[in-house]
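The following exercises are to be worked through with the sequence and the structure at hand. Each task is followed by a solution in steps.

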Number of protein chains: 4
Amino acid sequence: MSYRNQLLKREKVFRDPVHNYIHIQHRVILDLIDTKEFQRLRRIKQLGTASFTFHGAEHSRFGHSLGVYEIARQICDNFARNFPSQEPGDGLWDDSERLVVLCAALLHDIGHGPYSHTFEHIFHTNHEQITVAILTSPETEVNHVLRRVSPDFPEQVASVITHDYPNPQVVQMISSQIDADRMDYLLRDAYHTGTEYGKFDLTRILRVMQPYKDGITFSMEGMHAVEDYILSRFQMYMQVYFHPVSRSMEVILEHLLKRAKLLYDRHALSESFIPHLLVPFLEDDFTLADYLKLDDGVLTTYFIHWQDSSDPILSDLAYRFLNRRPLKSAQVTEDTKDLVPILQKKVAAVGYDANYYTAINNSFDLPYDAYNPKAANPKTQIEISQPDGSLIELSTLSDIVAAISGKFTGDERFFFPKEMLAETTDNLFAETYDSFQQHILNGTLIHTSD
Amino acid sequence: MSYRNQLLKREKVFRDPVHNYIHIQHRVILDLIDTKEFQRLRRIKQLGTASFTFHGAEHSRFGHSLGVYEIARQICDNFARNFPSQEPGDGLWDDSERLVVLCAALLHDIGHGPYSHTFEHIFHTNHEQITVAILTSPETEVNHVLRRVSPDFPEQVASVITHDYPNPQVVQMISSQIDADRMDYLLRDAYHTGTEYGKFDLTRILRVMQPYKDGITFSMEGMHAVEDYILSRFQMYMQVYFHPVSRSMEVILEHLLKRAKLLYDRHALSESFIPHLLVPFLEDDFTLADYLKLDDGVLTTYFIHWQDSSDPILSDLAYRFLNRRPLKSAQVTEDTKDLVPILQKKVAAVGYDANYYTAINNSFDLPYDAYNPKAANPKTQIEISQPDGSLIELSTLSDIVAAISGKFTGDERFFFPKEMLAETTDNLFAETYDSFQQHILNGTLIHTSD
Amino acid sequence: MSYRNQLLKREKVFRDPVHNYIHIQHRVILDLIDTKEFQRLRRIKQLGTASFTFHGAEHSRFGHSLGVYEIARQICDNFARNFPSQEPGDGLWDDSERLVVLCAALLHDIGHGPYSHTFEHIFHTNHEQITVAILTSPETEVNHVLRRVSPDFPEQVASVITHDYPNPQVVQMISSQIDADRMDYLLRDAYHTGTEYGKFDLTRILRVMQPYKDGITFSMEGMHAVEDYILSRFQMYMQVYFHPVSRSMEVILEHLLKRAKLLYDRHALSESFIPHLLVPFLEDDFTLADYLKLDDGVLTTYFIHWQDSSDPILSDLAYRFLNRRPLKSAQVTEDTKDLVPILQKKVAAVGYDANYYTAINNSFDLPYDAYNPKAANPKTQIEISQPDGSLIELSTLSDIVAAISGKFTGDERFFFPKEMLAETTDNLFAETYDSFQQHILNGTLIHTSD
Amino acid sequence: MSYRNQLLKREKVFRDPVHNYIHIQHRVILDLIDTKEFQRLRRIKQLGTASFTFHGAEHSRFGHSLGVYEIARQICDNFARNFPSQEPGDGLWDDSERLVVLCAALLHDIGHGPYSHTFEHIFHTNHEQITVAILTSPETEVNHVLRRVSPDFPEQVASVITHDYPNPQVVQMISSQIDADRMDYLLRDAYHTGTEYGKFDLTRILRVMQPYKDGITFSMEGMHAVEDYILSRFQMYMQVYFHPVSRSMEVILEHLLKRAKLLYDRHALSESFIPHLLVPFLEDDFTLADYLKLDDGVLTTYFIHWQDSSDPILSDLAYRFLNRRPLKSAQVTEDTKDLVPILQKKVAAVGYDANYYTAINNSFDLPYDAYNPKAANPKTQIEISQPDGSLIELSTLSDIVAAISGKFTGDERFFFPKEMLAETTDNLFAETYDSFQQHILNGTLIHTSD
């Protein structure tokens, strides 16, 4: 039997806390899981700094990737059973697409590195480009497995991830406003954080999902389940992903790496503090192999070293990151943005380098949007199908979704050292602290009359 | 108010997936959580190599330590409400013991390092001694916090952990056959692995727990809940903790560290492969500060380097550990132990160094034991209290507990490379493989007639 | 000790699937649970006909009443610990209100009878008036218990339920847009139906609840948890409480009782079909004792008899109710209301009495409303408290809540026999069926061109 | 297409709290669910009087029957996918057996009536015989549906339930020591009582189940999951099914029906207290149609009437049953059985008719037994299959199962009025109470020295 169609003699399962079991049926999938690039995902936390806020959220991208695969597998099973294509172009499901879907689902995050968001910001890497590289570079084990399927299979899988694959059903299953990726991470992050917000009725959504010629639609009877999913996602953003403490730890991480880069550039790091595995990135000249050596533990290992550095900022920020010493923050609006430099001066006045101990950080998300051709990044809107086959866009049917549709949600915050909120009696900097604190009310920056 | 009695203005909570919330009421507890020694537990996985078998089990010792604290807190609340001591020696609960209990619960695992079991085996460290050292050495942040309570408070907390504290209620709450530690880890490990086995009725057990002069007892109405807890523990050992794949990964880890030590001792590691933070341990001359720099990520960072080593065993074992390439195994009994050297020779014959690619590993646990003064390590038996106040030892009441009482459960396994189970047709080593395989039936070593 | 303050020697618990345990501490509460009026709630299903749609939803009002009590108890515990009143009028919690709260919580539904909504419609009973009667009539066991607390205690408890009690904190705990009643039924109905929609973060909401002088408020950090509760409630209404099949079974029940009343009034029921326990209601001359004899089983016992009646409508409707033969339905809008009489004629044309086999039924709910003095029934709005103590109404803070605030949600449906949707080939009434069916598209009535 | 093979155009689902969804694929199954005999199960509680102890346990036999069907369906799916028969007699699964399995699973409890255990004891009915009658009597709707499959299909389904069906795989799936029936009721009863004890790993057990020529076996890797299931069952018996309060309510029910029968036999029931639907049973001359009119509500409706009876025993016992006034109890052993008549005299001495206010009740279960040809009712033992295909009986492999294998577990209890435990000071019957109480220690009858 061809490698493409080779099924395991007996289905293999992985016990999973979210989906109970992950079912592996294809030899190709098992081989992909066994690659070193995929195993590496065990060493990269799914939620980065969020575990500083929700201590249960220590799960890695490995389990999430399996989970996305499992949801995609269940969708394929449903489509193959209930909506099998009879002839090309009938808008139903062609199950020969299954393997490309499963591989894309499993591998969609394979390019992620440690604390990707922050890392990319400092070192100008891009996890999506790296994903494509891992799939298509002949040097990787992943590419080796994919090539055994067919010479162009690596590019096919990559094109699903880059949204260039011709079949929109395949693309939307992996990447759309309601896809296997988002459905898994909401449930998984909710499970590990121990919050309820991310829960929605996955089984019901999978039941009402249907293929049609331009992608995927949801039947009317499941409209409220889809609505509930959108709201769960909104809640997870508001309550978990945008939590100020996690963002504060990201700020510290970013400033720590920025400081290390500065010191490296100035040759101010002595040999024992040089982060050898990061040097290609500090030099801005790295290979895929360099990238694949990185993980969360590599970074924290350097931070452990840096705690002993003689550079007070490097050692302090490393200490703060390792030992969870977040900055405090307050919300900033357009009206109060002018206060930021003033407050930074006050922070500097009590002895902190404002470049490293203050920051502006914004976190916004578009919980849902109907298709908007003028948008920077137009979204595939969610279509609800009526019994007679006609389609209606979700926010047309749901007042609640309409309420958040097209609106960026989140906030912009000013971060500063906790010490700025100290009691102001009997203190050398009492006056500075006091004037700083007058600009914060109910967690928000405010102008004062003086 | 004294530091000892200082309560937070408003209770602080940590969201926890197992207990919903961890409630922090004392300033001392919050300060302990903020120490760098305690924060370090975030970087040490609770179950070591078990996440290679159950991918959800990536949780750290940090959450477990909070969980043990929370259970101990709930026990104290129950005892203080329902069984408050009226006069010294009445066998009831003296709530002035609360702080020492909470601190011991929180800190009982603070001496753990990365992959403790294996690490200790190779480097002769001892996490219990280190726990005591962290509590009592003036150099630690933990000691600094504890000393603020009273000069002898660090030693008091340490004596709970070493079982030397005079009040047996306090000791048994933290360490006995049914204590806050075990109750938390069973529930937490069950949660993260996604198995059901470890679940038992915590709330009911906490309700039937009672202090008495010699420790802690459980009222008769809760006997079956206690029995169920014993069985949950038994099941977790059989199905999770003793899983052959996790043990195989431990074998690989142990052999990897053993190989590194040999190479280091022989000065055969070139500079870029020297594990600087491990050197004090390789030299068998380490300080507490050296120990506290270690975590899971430090070890795997060295393994990432070692993959590129020119020593084929070091690089291969590092690859196998990082990328989950377990050995296979079969059960060994007294009767078949003689086969091990024979099989090791066959493994060597096909080209593997049997010192690094085979192992005998046994995992046994005593699920429950009544007090047995002749035992190497006599256990505090579980006492069930009758309505008239008399006590009956658990296994007297439960046939099921009696069935496993005093019996070590587990198995001894022989580990070897997966390749030994290869198909034997068309293969250079066909004959060797074949003769090897004839000694394995139903996952167990057997003698053959030839 | 006075009866009012008498605590049980040891707290008594009821195992509860939603709250794990219900904790009973007061003798008064235990005595109330033991009254026959309260025990009777075991025989009245919480959700009436909903179990015909969600078969797990067979739970009674008994468990719900305990659950409301338990939530109220937890709120009192929280308020007593964290917000104890120091002096009258300080807006904090006066724990001497606890007993009246607990009793009102436990007894708030005690006046409910079988399938209340439908029953009240036909027989002009009113469960709220009956609740007050049960509390205040000297003939009940409940009144007997309450009177032992103090002579005016029955009236005090009743005044909480009628919203006349002076302390708004007490009233809002039991009855407001976010009260112990609603919080329990959402969680409990979600649990028993097996849906996820009703789940929200009860623990967190209880943590952020605070008393203030005009009632109860929620601190800003919990705003999203409150928002999520509003949405859960909205989802439960949309997906469970307004389910067309359950409403169809209510329609059948109503028509069945209506038919029985007609036959009774006409003396057309023979002796063996006379529903003796219902006679006082058929005669519109009933006592409290008559009412307290009714339960779900009494009604269905008469239906079992009626199945054998010679009146074809009575026996058929009884059969349909007992054996779940729902009517079908389609949504009606203002625009299509004119079609109803036309369609009813078609139903009549194929032989059904349209008075009994068709119906218009609407189910609407106001998911949330800010205080609106012009409303028929102005709501206590949900107030979110800021760190500086100021209050902001919920929909001001939440776009999502604003989207549904003040809008009645639900639909109006036309019910008709399933047979009207039969295949129209080879059928005596093919033409009628066909013309009927042309007026239904996508589950909604439509006008057609002809 | 033949009725036997007719599949629904689209699978229909019922939302279920235990299995999430029940999947209906065959027209036959949907038609069976719609029969009046099956719908009647909605009005019969699964656990009878247990809801007096665990108030959540109000679920009916309807949901359980669907659940057994669903588990059987999943087993068939697994067998059909992984173990399809290639030729007759190969010991693998012949999927043409599927429909008979599904029907037997769905209908296995259809003969149950209200409070079966007690009812059968008084009225000498037998729910298993009635099940067969419902399947095979031409008068039932169930028979009508089954006959449409084939004329002998009703008898085939019946023979599965009576264990006479030739294929042992089919019989064991529905009725053995680990069957779809038991697996569903443990999970469902655990869910609704809110206890954890009944939980076990259903998914894993279903995965390791395999057909073989003499029935069903479980592969070795799942041995501990099977062991855990046996223990869950044991725990549910000990903690839920044998709960003394539920048994006490059964005693009251039995005595109430016994009293009614006596009064009826003596013509001492006036017309308004005659339980018309029970008359055929009181006369010991009933038809299947008579039986099918009974449900829980019919019985309680008569009890509501009987509360007003002038017979003090009838009215008191009816009051006690409706309003949950259990008797108290103490354990009886062989040694103390002689005390029972003595204690009954004391109960009589204070004014209770000992025939109605005392009882001996025993509840025993055999949690597991290996096949024992000498047993009254030999059990199909649980076989564990080894990798080489050999079978080993479960208790041979598990010390824990061996510990309870073949041992009847439970207890015998003496029930008596709560008043016998009254405080004995200042009381007319103080001396009698006192001497009664001296015979009870730690919940067990004891001899005293006097």
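**Exercise 1.** Determine which residues B:Gln307 touches, not counting residues up to four places away in sequence, and classify B:Gln307 as buried, partly exposed or exposed.

*Solution.* The model is a predicted one. Step one is to list the partners: B:Gln307 touches B:Ser315, B:Ala318, B:Tyr319 and B:Leu322, once residues up to four places away in sequence are set aside. Step two is to place the residue: B:Gln307 sits in the loop that runs between helix H16 (296-306) and helix H17 (312-322) of chain B. Step three is to count neighbours: B:Gln307 has 19 C-beta neighbours inside 10 Å. A residue is buried at 20 or more such neighbours and exposed at 12 or fewer, so B:Gln307 counts as partly exposed. As a further check on distance, B:Lys258 is 49 residues away along the chain, and its C-alpha atom is separated from that of B:Gln307 by 15 Å.

**Exercise 2.** State how chain A is divided into domains, and describe the contact of domain 1 with domain 2.

*Solution.* First, the bounds: domain 1 of chain A covers 3-242, and domain 2 covers 244-326. Second, the separation: the centres of the two domains, taken over C-alpha atoms, are 31 Å apart. Third, the contact: 24 residues of domain 1 of chain A meet 21 residues of domain 2 of chain A. On the domain 1 side, helix H5 (116-123) and helix H6 (127-136) of chain A each supply at least two residues. H5(A) gives the most to that side, with five residues. Fourth, the composition: the domain 1 side consists of 11 nonpolar, eight polar and five charged residues.

**Exercise 3.** Find the operation that lays chain A on chain B, and describe the contact of these chains.

*Solution.* Begin with the superposition: a turn of 180° with a shift of 0.0 Å along the axis lays chain A on chain B with an RMSD of 0.0 Å. The two copies are therefore related as by a two-fold rotation axis. In chain A, the C-alpha nearest this axis belongs to A:Gly297, at 1.8 Å. The same surface serves both copies, as 100% of the contact residues of chain A recur in chain B.

Next, consider the contact itself, which takes 34 residues from chain A and 34 residues from chain B. Strand E1 (7-16), helix H2 (36-39), helix H3 (61-82), helix H10 (180-193) and helix H16 (296-306) of chain A each supply at least two residues of the side that touches chain B. H16(A) gives the most, with six residues. The side of chain A that touches chain B divides into nine nonpolar, 16 polar and nine charged residues.

**Exercise 4.** Carry out the analysis for chain B and chain C.

*Solution.* A rotation of 180° with 0.0 Å of shift along its axis superposes chain B on chain C, with an RMSD of 0.0 Å. Here too the same surface serves both copies: 100% of the contact residues of chain B recur in chain C. The contact takes five residues from each of chain B and chain C. The side of chain B that touches chain C comprises one nonpolar, three polar and one charged residue.

**Exercise 5.** Identify which residues touch the most other members of the largest nonpolar core, and list the contacts of D:Ala72.

*Solution.* The largest nonpolar core holds 523 residues, and those that touch the most other members are A:Ala72, B:Ala72, C:Ala72 and D:Ala72. Leaving aside neighbours within four places in sequence, D:Ala72 is in contact with D:Val101, D:Leu102, D:Ala105, D:Met173, D:Ile174 and D:Ala180. In soluble globular proteins, nonpolar side chains tend to be buried together.

How values were computed: Residues numbered from 1 in each chain as written. Chains lettered and ligands numbered in written order. Predicted model: local features only at pLDDT ≥ 70, side-chain atom pairs only at ≥ 80, totals over all residues. Least-squares fit on C-alpha atoms with pLDDT ≥ 70 in both. Contact = placed C-beta atoms within 7 Å. Nonpolar A, V, L, I, M, F, W, Y, C, P; charged D, E, K, R; others polar. Core = buried A, V, L, I, M, F, W, Y, C linked by C-beta atoms within 7 Å. Domains from an automatic or database assignment. Helix = DSSP H or I, 4+ residues; strand = E, 2+ residues; numbered from the N terminus.
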